Each structure stands twice: as C-alpha cells, then as structure tokens.
Amino acid sequence: MQALSRISQFFILALFIATSFNSVAAPALFKVEKNGTSSYLFGTVHVGDASMKGLPEKVTTAIDQSEQVVVEVDISKLTPLQMQQRSMPFMMLKDGKTLQTELSKQNYNKLKDYFAKKSIDIAMFNGLKPWAVMVTMMQIEFQNAGFSDQTGIDKQVLAYAKKQNITIGELETLEQQLQMFDGMALLSNEMIEETFEQLADINTYFIKLVNAWKNGDMNTLTEYYNMSFDESNYGEISEQVMLVNRNNKWVEQLVPRLTNEKLFIAVGALHLPEQHGLIKQLTDAGFTITRL
C-alpha cells in the first residue's frame with residue numbers, strides 16, 4: 001500500500017495476512033533464510049488508527065539488522081504535488097468518456113445519491129475513472145472511522161528506515177501500480193456494486209479486519225481472503241490482476257537478491273498467502289520461512 005472491496009484492499013487498506021500459522025497477539029513477521037543469509041518479510045496495512053502508532057519492537061529490530069528496506073512503492077520520496085501530477089493521467093477518462101458513460105444508470109445514480117448525502121456534487125468526478133471515484137469513497141469512509149494513511153504501517157516502516165539511514169528500494173513504480181487498475185476497467189460496475197455492499201457493513205469489512213491484523217487472527221483473515229477472491233469471474237480476475245501477476249514479478253526480482261543481501265520486505269499483507277503468495281513461492285525457491 002497497505003478492505004472494503006477487492007480493489008481498495010490493495011490501494012488503500014492494504015492486503016491482510018491470511019496464513020495457516022497459529023495465531024499470536026501481534027502482526028506476523030517472517031524470517032527468510034537461505035545459504036546463511038537472513039532477510040525479513042512483513043505484511044502491512046496502508047492505513048491505521050491512533051493505536052497503531054509505533055512499530056512493534058520485533059519489526060524495528062528486524063529493520064536494524066537489514067541492509068535495505070524494500071517496499072511496493074517508495075511514496076515517501078514524492079511530494080503531494082508530485083504524487084498528484086503522476087497519478088492524474090492514469091485517473092482521468094479519455095476519448096470523450098465520462099463517469100456516466102462507464103457505469104450503469106443504476107450505479108451512477110447510487111453514486112450520485114451517496115455524494116449528495118455528503119453535500120458533494122458528483123459533477124466533480126465526471127472526468128474520473130470509476131476506480132478513482134471509488135478510492136475517494138474509501139478515503140472518506142476511512143477518515144470517518146478514524147483511520148489515516150499517516151498511521152499506516154507502510155509509512156511508519158519508511159520513516160523508521162530513513163531515521164536509521166537504511167536505504168530504501170521499491171518493487172514497482174507508482175505508474176505500474178496505477179496501470180494495474182486499467183486491467184479491471186471492464187469490471188467497473190461490479191467493483192462499484194461490491195463497494196456499496198460492503199460499505200453497508202463497515203465494521204465487518206474494515207474495522208474487524210484491522211483488528212484481526214493487529215491481533216494475528218489468521219482464521220478471520222483467511223476467511224476474508226477466500227471470500228474476496230472467490231471462484232466468480234470477478235474474484236478470479238481481480239486476484240490475478242492485483243496479486244498473482246505482481247507477486248510473480250516481485251519473486252523474480254527478490255530471489256537472486258535474497259541469497260546474498262539482507263532485506264526487510266514490507267508489502268501489503270495479502271501478497272503473502274495462498275498458492276501464489278510470496279511465502280509459498282519463496283519456499284518453493286528453496287528458502288526457509290519462519291514466523292517470528
């Protein structure tokens with residue numbers, strides 16, 4: 001990042017850990033070992049509340065023992081203006097398309113009513129792609145629930161690494177992350193429908209999951225992963241675009257480095273589990289993975 005819909009899981013909230021390990025009352029941190037070289041793998045959430053301020057000691061100790069912190073994208077090096085300038089070209093509709101032309105009449109009207117209740121004119125979003133509008137909705141709901149990216153784990157990891165003068169690497173560019181959403185363009189209506197469905201139960205689909213992440217409640221997180229990436233067309237495509245394709249590219253980068261570099265890898269936590277997750281792929285590549 002860093003859970004109200006399959007898309008927002010990646011972009012805003014992050015991707016939760018969902019493994020078969022026994023639960024402990026803390027977020028999961030894994031040691032990755034091969035040929036005498038040890039690195040660390042940490043699943044993150046991209047927004048947090050006040051109780052999440054401050055990294056666990058085992059995490060800061062692991063960072064201190066690493067030569068480089070590797071994240072999905074190093075957003076700390078971008079100013080808000082740079083972020084906006086680089087993001088907007090990917091968020092804007094082209095060729096005369098509008099938000100209204102990209103959504104069904106029913107979904108457009110639901111969006112219109114949603115923003116009207118918040119005294120926001122939907123005309124502000126007419127030039128934006130549906131996923132960009134959905135991100136705005138998520139930001140509103142997270143803020144209302146008392147969560148912010150400022151206390152998200154990703155930003156805290158980056159801030160600590162900089163404070164300790166540890167170099168930072170990234171697995172992909174901001175542009176590559178944003179291009180991913182275009183792979184979901186044909187499913188815009190499904191995305192909006194699911195977002196509304198889960199907004200109706202923010203406790204289950206957001207607050208409950210953050211608490212599960214905090215406490216290492218793997219059963220709850222596993223259930224959510226399976227519910228999110230089910231065998232439906234939408235579930236399979238979103239998993240492939242958001243997780244599988246990216247995990248495969250990341251493993252290609254990481255495997256040769258992990259044999260001789262001490263890395264602290266912090267990525268959205270849903271990138272860790274299941275058959276295409278980083279844990280299994282690194283295990284298959286001959287690494288020993290141990291939960292700390």
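Hi everyone. Accessible areas here come from the Shrake-Rupley method with a 1.4 Å probe. With that in hand, the accessible surface of this protein comes to about 13100 Å², and carbon and sulfur atoms account for 49% of it. Please keep in mind that what you see is a predicted model.

Let me start with the overall picture. The protein has 13 helices and 6 strands. Of its 292 residues, 53% are buried.

Now, on to the aromatics, which I had fun with. A search of the whole structure turns up 5 aromatic pairs. One of them joins Phe42 and Phe264, with 6.0 Å from centre to centre and 50 degrees between the planes, and that pair is tilted. Where do these two residues sit along the chain? Phe42 belongs to strand S2 and Phe264 to strand S5, so the pair links distant parts of the chain, 222 residues apart. Phe42 has 1% relative accessibility and Phe264 has 0%; buried means under 20%, so both residues count as buried.

Tyr114 and Phe115 make another pair: their ring centres are 5.1 Å apart and their planes lie at 80 degrees, so this one is edge-to-face. Both of these residues are buried as well. Ring pairs also tie Tyr114 and Phe115 together with Phe125 and Phe196 in a cluster.

While we are on rings, have a look at Phe287. The charged end of Lys34 sits over the Phe287 ring, 4.9 Å from the ring centre.

Next, some backbone angles to check on your screens. Asn35 has a phi near 55 degrees, a positive value in a residue that is not glycine. Asn35 lies in the loop between strand S1 (29-34) and strand S2 (37-44). Is Asn35 buried or exposed? Its relative accessible area is 64%, and the cut-off for exposed is over 50%, so Asn35 is exposed.

Glu274 also has a positive phi, near 70 degrees, and is found in the loop between strand S5 (263-268) and helix H13 (278-284). At 35% relative accessibility, Glu274 counts as partly exposed.

Last stop, the pockets. The second largest pocket has a volume of about 290 Å³. It is lined by 18 residues, and those closest to its centre are Leu93, Lys97, Lys129, Asp182 and Ala185. The elements giving two or more residues to this lining are helices H3 (80-91), H6 (130-144), H8 (174-182) and H9 (188-199). And what is the lining made of, by class? There are 11 nonpolar, 1 polar and 6 charged residues.

That's my tour, thanks for listening!

Notes. Residues numbered from 1 in each chain as written. Predicted model: local features only at pLDDT ≥ 70, side-chain atom pairs only at ≥ 80, totals over all residues. Heavy atoms only, no water. Helix = DSSP H or I, 4+ residues; strand = E, 2+ residues; numbered from the N terminus. Buried < 20%, exposed > 50% of the residue type's maximum accessible area, 1.4 Å probe, protein only. 1 Å grid on protein atoms, 1.4 Å probe; cavity = no way out; pocket = protein on both sides within 12 Å on 5 of 7 lines; lining within 4 Å. Points joined across faces, edges and corners; volume = space filled by probe spheres on them. Nonpolar A, V, L, I, M, F, W, Y, C, P; charged D, E, K, R; others polar. Phe/Tyr/Trp six-rings, centres within 6.5 Å; stacked < 30°, edge-to-face > 60°. Lys NZ or Arg CZ within 6 Å of the ring centre and 35° of its normal.
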